[in-house]
Amino acid sequence: MPILLTGASGFLGRHLAQLLQERGLPFIGAYHQHAPPFPVIQLDFTDRAAMLHQLGELHPTAIIHLAAASSPNWCELHPSESRLINTEAPVHLAAYCREAGIPFLFTSTDLVFDGQQAPYEEAWAPSPICTYGRQKYEAEQGVLLAYPEAVIARLPLLYGWGGFLQNWVEQMKQGKPVTAFIDEYRSPAFAGDVATGLLLLLEKYVSGIFHLGGREPLSRFELGQAIARAFGCDERLVLPAHQADVAMPAPRPVDVSLSSEKAYALGYTPRSAETALKDLVDS
Ligand SMILES: NC(=O)c1ccc[n+]([C@@H]2O[C@H](COP(=O)([O-])OP(=O)(O)OC[C@H]3O[C@@H](n4cnc5c(N)ncnc54)[C@H](OP(=O)(O)O)[C@@H]3O)[C@@H](O)[C@H]2O)c1
């Protein structure tokens, strides 16, 4: 029987699917609209009855739940639909896993914090300032209530080939500038390192909340400069911007960098941005 990996078609899901394949761990991915090129089922987390029916047929040995409405701006504009995906589905899945007696790993976000008291440890009380952060925080609470043995990984800004990094590199390679906030700090982590960290949490049979941040706090602007350097682009193409310069539906906290000491003690070893980016370029 396989591990069920939800959100397998997403950015982190593709990295984790690759790692599961490399380790020879049997899994089946779940996607919603974009089928990836490995064994998958289609699941819609807005349809609880269908989801539970499919789970009953699949009998997974564990569920790693990455699927989410992951755009804070979209969640701000679509609070009801995104709540079904971000809050209700994880709680239903946690209850299913408890009933089935199998591990459940849920991925949350650094955006459960308000950005005023970084670096954040797991024990700090969340106080989200956007709908996405509130939905994820409510999910954390609901998951742990439904299944106290569940494990929750709060993730930072993720980078790797694809997503914003690929867009920025492609722009800069054409000599076009990119803009990045100098007043938004996270603990960015390479998606492959976080995928390894997620499997570590499962292997160690831990429960509760763990932060899987990157090695260092960086602003998006600093990360952009590191990306430019690693890919041999002109750093001056990364233009600084302030959050206030750009109108966005979802408010953004100023600094949600994470302390990940608890995960480090388990053996989580994310690389620094400089090392991870160099390795990405060399790969
Ligand atoms: N990326 C980051 O920087 C970051 C930071 C902090 C936390 N996280 C968390 O990490 C997890 C993975 O993020 P990601 O960046 O990989 O997300 P992503 O690239 O946006 O992928 C989202 C995934 O969720 C699936 N999905 C969306 N709506 C669904 C629905 N109604 N039913 C079933 N599946 C649905 C998508 O399927 P289709 O594409 O097939 O439609 C996709 O596989 C999420 O829980 C996110 O909140 C990510």
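Let me start with helix H8, in which Arg220, Phe221, Leu223, Gly224, Gln225, Ala226, Ile227, Ala228 and Ala230 are buried; please keep in mind throughout that this is a predicted model. H8 spans residues 220-230 and is mostly covered, with nine of its eleven residues buried. What do the buried residues of H8 pack against? Their partners are two helices, H6 (163-173) and H10 (273-282), together with the strands S8 (178-181), S12 (218-219) and S13 (238-241). After H8 comes Gly232, which has a positive phi, near 70°.

One residue of this helix, the buried Ile227, takes us to the largest nonpolar core, which has 81 residues and in which Ile227 is listed with Leu5, Leu16, Ala94, Phe104, Ala153 and Val194 as touching the most other members. That core draws at least three residues from each of two domains, namely domain 1 (3-158 + 189-211) and domain 2 (160-186 + 216-257 + 271-282). As a general remark, nonpolar side chains in soluble globular proteins tend to be buried together.

Let me now turn to Leu5, whose contacts, leaving aside residues up to four places away in sequence, include Leu16, Leu20, Phe27, Ala30 and Ile64. Strand S1 (residues 3-6) pairs in the parallel sense with S2 (residues 27-31) over four bridges, and Thr6 has Ala30 as its bridge partner in S2. With helix H1 (residues 11-22), these two strands make a right-handed β-α-β unit.

S2 is itself mostly covered, four of its five residues being buried. S2 also pairs in the parallel sense with strand S3 (residues 40-42), here over three bridges, and the bridge partner of Ala30 in S3 is Ile41.

Key: Residues are numbered from 1 along each chain as its sequence is written. This is a predicted model: local features need pLDDT of at least 70, side-chain atom pairs count only at pLDDT 80 or more; totals for chains, interfaces and linings use all residues. A nonpolar core is a set of buried Ala, Val, Leu, Ile, Met, Phe, Trp, Tyr and Cys residues joined through C-beta atoms within 7 Å. A residue is buried if 20 or more other C-beta atoms lie within 10 Å of its own, exposed if 12 or fewer, and partly exposed in between; C-beta atoms are placed from the backbone. Domain bounds come from an automatic or database domain assignment. Two residues are in contact if their C-beta atoms, placed from the backbone, lie within 7 Å. Two strands pair if DSSP finds at least two bridges between them. A crossover is right-handed if, with the strands pointing away from the viewer, the path from the first strand over the helix to the second runs clockwise.
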